[in-house]
Amino acid sequence: ARDGDVSLIVNLLFSVSGCDGRRVVGQTGQNVTLPCNYDIKTNGAVHVCWGRGEIPNSKCYNQLLSTDGHKVETRASSRYQLLGRLDEGDVSLTILSLTEEDAGRYGCRAEIPGWFNDEKHHVDLTVERAPTTWAPSEPQTSSERPAATQTAADQLTTESLLTSSSNSSSSTDEGQEGSMVAVILVLVLFLLVVLLTAAGLFIMAKRWKQLKLPPQQQQRRQVQISSTSSTLQLHQRASVVENVYQIDGAANEGGDYELCP
């Protein structure tokens, strides 16, 4: 009987500390906060731990996070955060980006000084699959930071697209201007070649006409040349006869006259 009384007393002592249970529902991809608080004004800052499953007689089973009351000491993953006011005794656990594997029981233990004074809180977490077209009606901590990050990423993507499009358009304009200049130069050179070719053909045709005169025109030219030569011969004969008459007249007058060759 005494053994039974002792075991009963031990169980009662271990269960003296407060141990309540709460139920929290979250959705996949969102953040959820599991509540846990202790009276920091009465007890001061104390050591607190969070674990998965039932809370053992001491410490925490499968410990996820611990704090000395001022800062986080250990953390199993960066998904587990203490975002409450530690200086006010708020040691609620926030789990980021929920998955279906996060569902289950969690335990929070605040180690209050003294025998069997620890405060223990159980929280049962249920995770529901978020619908694809779900949109939050109120701003939530779970969506504020990802939305800001997504907005910044969208802005950077838009700016990079605008910059690349402007660069491509400017390079395209430069390429078009260069091609237009090349086409104009080619046209100018082609016109020069055409003009030079036409001038050369004109000169060659003129010379060819001069060389290829009809027989009648050639005879006319020969007649003109022969008439011109006979006229010159007659003029020379007339000049010789006149000189002879002058010589004879000088001889009759008795004067000396020297005939120059």
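Seven bridges join strand E8 to strand E9 (residues 119-128), and these two strands run antiparallel. That pairing is a friendly place to start in this predicted model, whose chain has four helices and nine strands. Along the sequence, the elements follow the pattern α-β-β-α-β-β-β-β-β-β-β-α-α. The notes below go from the whole chain to its strands, its core and a few single residues.

**The chain as a whole**

- The chain has 261 residues, of which 19% count as buried.
- About 19200 Å² of the chain is exposed, and carbon and sulfur atoms supply 58% of that area.
- Take the contacts between residues at least 6 apart in sequence: 58% of them join residues at least 24 apart.

**Strands E3, E8 and E9**

- Besides its pairing with E9, strand E8 (residues 104-111) pairs with strand E3 (residues 47-52) in the antiparallel sense, over six bridges.
- To find the E3-E8 pairing in the model, look for Cys-49, which stands opposite Arg-109 in E8.
- For the E8-E9 pairing, a handy marker is Ala-110, which stands opposite Glu-119 in E9.
- The loop between E8 and E9 holds Phe-116. Phi of Phe-116 is near 55 degrees, a positive value in a residue other than glycine.
- Phe-116 counts as partly exposed, at 28% relative accessibility.

**The sheet of E2, E7 and E6**

- Three strands form an open sheet in the order E2-E7-E6, with antiparallel pairing. Its edge strands are E2 (32-34) and E6 (80-81), each of which pairs on one side only.
- Three bridges link E2 to strand E7 (residues 93-95) in the antiparallel sense.
- Within this pairing, Thr-33 has Thr-94 in E7 as its bridge partner.

**The largest nonpolar core**

- In soluble globular proteins, nonpolar side chains tend to be buried together.
- Here, the largest nonpolar core has 25 residues, and those touching the most other members are Leu-34, Trp-50, Leu-93, Ile-95 and Leu-125.
- Strands E2, E3, E4, E7, E8 and E9 are the elements that give two or more residues to this core.
- What does Leu-34 touch, leaving aside residues up to four places away in sequence? Its contacts are Val-24, Trp-50, Ser-92, Leu-93, Ile-95, Tyr-106, Val-123 and Leu-125.

**Two threonines to compare: Thr-67 and Thr-74**

- Is Thr-67 buried or exposed? Thr-67 is buried, because its relative accessible area is 1%.
- Thr-67 lies in strand E4 (residues 63-67). Not counting residues up to four places away in sequence, Thr-67 touches Val-46, His-47, Val-48, Val-72, Glu-73, Leu-82, Leu-86 and Val-91.
- A polar atom of the Thr-67 side chain lies 3.1 Å from the backbone nitrogen of Gly-69.
- Thr-74 is found in strand E5 (residues 72-75), and at 38% relative accessibility Thr-74 counts as partly exposed.
- Leaving aside residues up to four places away in sequence, Thr-74 touches Gln-63, Leu-64, Leu-65 and Ser-66.
- With its side chain, Thr-74 makes a polar contact with the side chain of Ser-66 (2.5 Å), and another with the side chain of Gln-63 (3.2 Å).
- Thr-74 and Gln-63 are eleven residues apart along the chain, and their C-alpha atoms are separated by 9.0 Å.

**A loop residue before E4**

- Where is Asn-62? Asn-62 lies in the loop between E3 and E4.
- Asn-62 has a phi near 50 degrees, which is a positive value in a residue other than glycine.
- With a relative accessible area of 46%, Asn-62 is partly exposed.

**The annotated segment**

- An unreviewed UniProt entry lists residues 180-203 as "transmembrane region".
- In the model, the chain over residues 180-203 is 100% helix and 0% strand. The C-alpha atoms at the two ends of this segment are 35 Å apart.

How values were computed: Residues are numbered from 1 along each chain as its sequence is written. This is a predicted model: local features need pLDDT of at least 70, side-chain atom pairs count only at pLDDT 80 or more; totals for chains, interfaces and linings use all residues. Side-chain values use heavy atoms; hydrogens and water are left out. UniProt positions are given in the numbering used here, feature names are shortened, and annotations may be inferred rather than shown by experiment. Buried means under 20% relative accessible area, exposed over 50%, partly exposed in between (1.4 Å probe, protein chains only). A polar contact is a pair of N or O atoms within 3.5 Å; within protein, one must be able to donate a hydrogen and the other to accept it, and residues adjacent in sequence count only if both atoms are side-chain atoms. Contact means heavy atoms within 4.5 Å. Accessible areas come from the Shrake-Rupley method with a 1.4 Å probe; for residues, only the protein chains shown count as cover. Two strands pair if DSSP finds at least two bridges between them. A nonpolar core is a set of buried Ala, Val, Leu, Ile, Met, Phe, Trp, Tyr and Cys residues joined through side-chain atoms within 4.5 Å.
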